[in-house]
Every structure is written in C-alpha cells, then in structure tokens.
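Trainee: Hi! Could you walk me through this one while we both have it open?
Mentor: Happy to, let's bring it up.

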Amino acid sequence: MISSCSIFKGTKGSIVNDKGGASGQGEYATATGSAAADDAAREEAYRRAASAQADSPTKGAAKADKNAPSKPSPRVIPRTYSGIQTEHVRYQGISTMAPGAELILPLWQITDFCYPHNGKVISRYGPRGRSFHSGVDIKTVPMDTIRVAMSGVVRMSKMYSGYGNVIVVNHDNGLETVYAHNTTNLVDVNDIVAAGDPIALSGRTGRATTEHLHFEVRVSGQAFNPDKFLDYDRQSLRSDTLFVRNRGGSIIASNSPIKGSVEVPDRPAITREPSSPDLGEDAPERPAAAPARPATTAQSRPAPQQAARTATPATAKYHTVVKGNTLYAIARTYGTSVSEICRLNGIKETKKLQLGERLRVK
C-alpha cells in the first residue's frame, strides 16, 4: 500500500524570539498534485533506489536514481546541522524556548501539510506498561511510503537505539517531527524536504513488534502529545490552535489558551514571553476578555507573595544538567534541598532531567 497526500498552496511563517525580534522567516513553495502516472513513476523510482541502497554501502544511494522525477525545492530558512545536532533525537539546542516563552500556532492556517501515512493508529501517546510512549504509532505494511508532514530541513537520519532507522525534520514554525522504525531512510542530514515528499520506507527496525510508523512532535527537544496536533479521523491537522509553553523547563501543550495566552488568528506562528507571571494550569477556551484596566489599579497589581515568587534576584544561581545528574546530587552540590529546587523551577521531584537543561538552584 502506497500512502498518498494532497499538497495545498504554500503559506508563510515567521518566528519571533522571546524579546519580540524576528529570528527568521520562510515561505513554503507551492506544490501541486501530479498526474497519477507521474506519482506512480515517482514511487517506483524510490523503491528501485531503496533496493539499490540495500546492495550498496553508499548512504545516499536511495536518492541517486537518475529516473526519480525532479520537483521544485521548498523555500525554507537556510540552515545546516552538524556534530551533536545530528546525533540525538532529544537534542535541545535548536528552536529553544526560554523558560516562560510560548509558541502559538494556528493549525487551521497551515496549508503546507501532509499526513505522514494513511494507516490505522495502533498506539497512542502516554504511559505504556513501565515505560512512557512519546509518540503515536500508525500501522504500515513492509516498505510502505512514509512522507514528511511539513516542509523543513532534515536534522537527523540514522540508526538510533530503540527508534531504529529514524529521521528528525526541523520546521520553520518551531516544531520538529520524528519518523522511526523505518526499513530505509531516503533522505540525509541537511536535505531540504517539502510537505508530502517520500522520506522513508516503513519497517520494524529498533524496538518494534510489527511494521509501523512511530511519529512524534517535539519542541526544544521535548515530545508532546500528537493528539494536540493531528486529527486521526480526518488524517489531517486539527482545526484549532496549538499553544505550547516552557514552564519550568517542561514543555506543556494545549489546544486551549494557557493562562496568559491570547489566540492570534490573523498572524503566523509566533513565540513570545508570557503576558502574566501566572504560569498555572491550562485554562479552558473562553470568549475574549474585556480590555485590561490600567496597570495602576489594585486589581492588575500582582499580590506581594506572587511578586516575590516570580522575581529573580541578581544573586540567583543556575546549574546546567549533565550526564548522571539527579535532583538529589544537584541539591547536595549546592547545599540546598530537592524541594527547594523544585519550588524555584516549578517542577516535581519525579521530573526526568534532560541533558543541557538549566535549573535554578539558589
């Protein structure tokens, strides 16, 4: 079975850093569906290339088939990856969100999208036995075509532990998508891909009991629930807005405004600092509030306890997590307690630390 996809007209997107300045802008190229014969020829070309790769030590053999039809290159923000950036799925140094920063992405505005594979969902995001499943599994048969969800640049393409053959694509809107358990990867690091491009042939490499696509969506190296991003029934994006916030080093995602969020339906995806020091639980969707009162009123002035909790003194100390660190070990190093570190960073004692994560300790 060959997965198919309709590619719609391109859209523009920009990313604004947490100080409000533009950090880049990309315009996706328009791509149109080809005739059925051309599509069949493309699939056959990629399958021949995959077969050639299996018999050749050259990593790029899958792309070397001269009969593979040419296609317009998508227009994305130019960038290249190397070294550690290409080695780990969870690498946090790309599209990093500062603590308290937020990504707002109106999914219904994204037209540069392709559902990665039109199979049945067989496992969802969440706890699975003693482990945690960080994505969604979509059933395939051997050598099914896997397509990239959005235009972007390939950051990682290699065999990687339990993921097996895995591909990570970085997108201009701040997201990364992950495609795992492939039999063959058809793209290399730094390849520019357009939504709907074949990037892999499905399989069961790594920790997998059946042929399937393991698909993840990540921000700042952390996965969030793909249910907030995909509509499995329609095999498309959800028709609402995605809100993602870095709260104390942990990424939270919602389709309703997080406290302090304001939906921006007429603008591209943006990142910004929170408009309120209150970083509480996700708030339900509700009508737009009345204009805020002047900052001099007592109602708009934060409570003294709240101001004290959110203020960052000049003497604050931070620790960057390295391999082998635990909250207990960090607390002993700085002569403090685990509970105090958790309070300062708004995290729980059970939080799993990420390499490179920055924690306030004093």
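Trainee: Which residues of helix α4 are buried?
Mentor: In α4, residues 338-345, the buried ones are Val338, Ile341, Cys342 and Asn345. Buried means under 20% relative accessible area, exposed means over 50%, and partly exposed is in between, with a 1.4 Å probe and protein chains only. Helices are DSSP runs of H or I with at least four residues, strands are runs of E with at least two, and both are numbered from the N terminus.

Trainee: Where do those buried residues fall, seen down the axis of α4?
Mentor: They fall within an arc of 100°, so they line one face of the helix. The arc is taken from the directions that run from the helix axis to the C-beta atoms.

Trainee: And what do they pack against?
Mentor: The buried residues of α4 pack against α3 (327-333) and β22 (358-360). Contact here means heavy atoms within 4.5 Å. Just after α4 comes Gly346, with a positive phi of about 65°.

Trainee: Hang on, where does this model come from?
Mentor: It is a predicted model, in which local features need pLDDT of at least 70 and side-chain atom pairs count only at pLDDT 80 or more, while totals for chains, interfaces and linings use all residues. Residues are numbered from 1 along each chain as its sequence is written, and side-chain values use heavy atoms, with hydrogens and water left out.

Trainee: Cool. How many helices and strands are in the protein chain?
Mentor: The chain has four helices and 22 strands. Of its 362 residues, 47% are buried. If you take contacts between residues at least 6 apart in sequence, 66% of them join residues at least 24 apart.

Trainee: Back to the end of the chain. Where is Lys362, and which residues does it touch?
Mentor: Lys362 sits in the segment after β22. Setting aside residues up to four places away in sequence, Lys362 touches Ala316, Lys317, Tyr334, Gly335 and Leu344. Its C-alpha is 7.2 Å from that of Tyr318, although the two are 44 residues apart in sequence. Lys362 counts as partly exposed because its relative accessibility is 38%.

Trainee: New topic: pockets. What volume does the largest pocket have?
Mentor: About 1600 Å³. Of the 43 residues lining that pocket, Tyr125, Phe132, His133, Ser134 and Ala223 are the closest to its centre. The elements giving two or more residues to the lining are β6 (131-133), β14 (212-219), β15 (222-224) and β19 (250-254).

Trainee: How do you decide what a pocket is?
Mentor: On a 1 Å grid over the protein atoms alone, a pocket is an open set of points where a 1.4 Å probe fits, with protein on both sides within 12 Å along at least five of seven lines, and lining residues have an atom within 4 Å of a point. Grid points are joined across faces, edges and corners, and the volume is the space filled by probe spheres set on the points.

Trainee: And how many nonpolar, polar and charged residues are in the lining?
Mentor: There are 13 nonpolar, 17 polar and 13 charged residues. Ala, Val, Leu, Ile, Met, Phe, Trp, Tyr, Cys and Pro count as nonpolar, Asp, Glu, Lys and Arg as charged, and the others, Gly among them, as polar.

Trainee: What's in the loop between β14 and β15?
Mentor: Ser220 lies there, and so does Gly221. Ser220 has a positive phi, near 50°, and is not a glycine. Most residues other than glycine have a negative phi.

Trainee: Is Ser220 buried or exposed?
Mentor: Buried, because its relative accessible area is 7%. Gly221 is buried as well, at 3%. Gly221 touches Arg90, Tyr91 and Gln92, not counting residues up to four places away in sequence.

Trainee: Which other residue has a positive phi without being a glycine?
Mentor: Asn190, at about 75°. Asn190 is in the loop between β11 (176-185) and β12 (192-193), and counts as partly exposed because its relative accessible area is 28%.

Trainee: Last one: is Lys120 buried or exposed?
Mentor: Exposed, because its relative accessibility is 64%. Lys120 is in the loop between β3 (102-106) and β4 (121-123). Apart from neighbours within four places in sequence, Lys120 is in contact with Asp137, Ile138 and Lys139.
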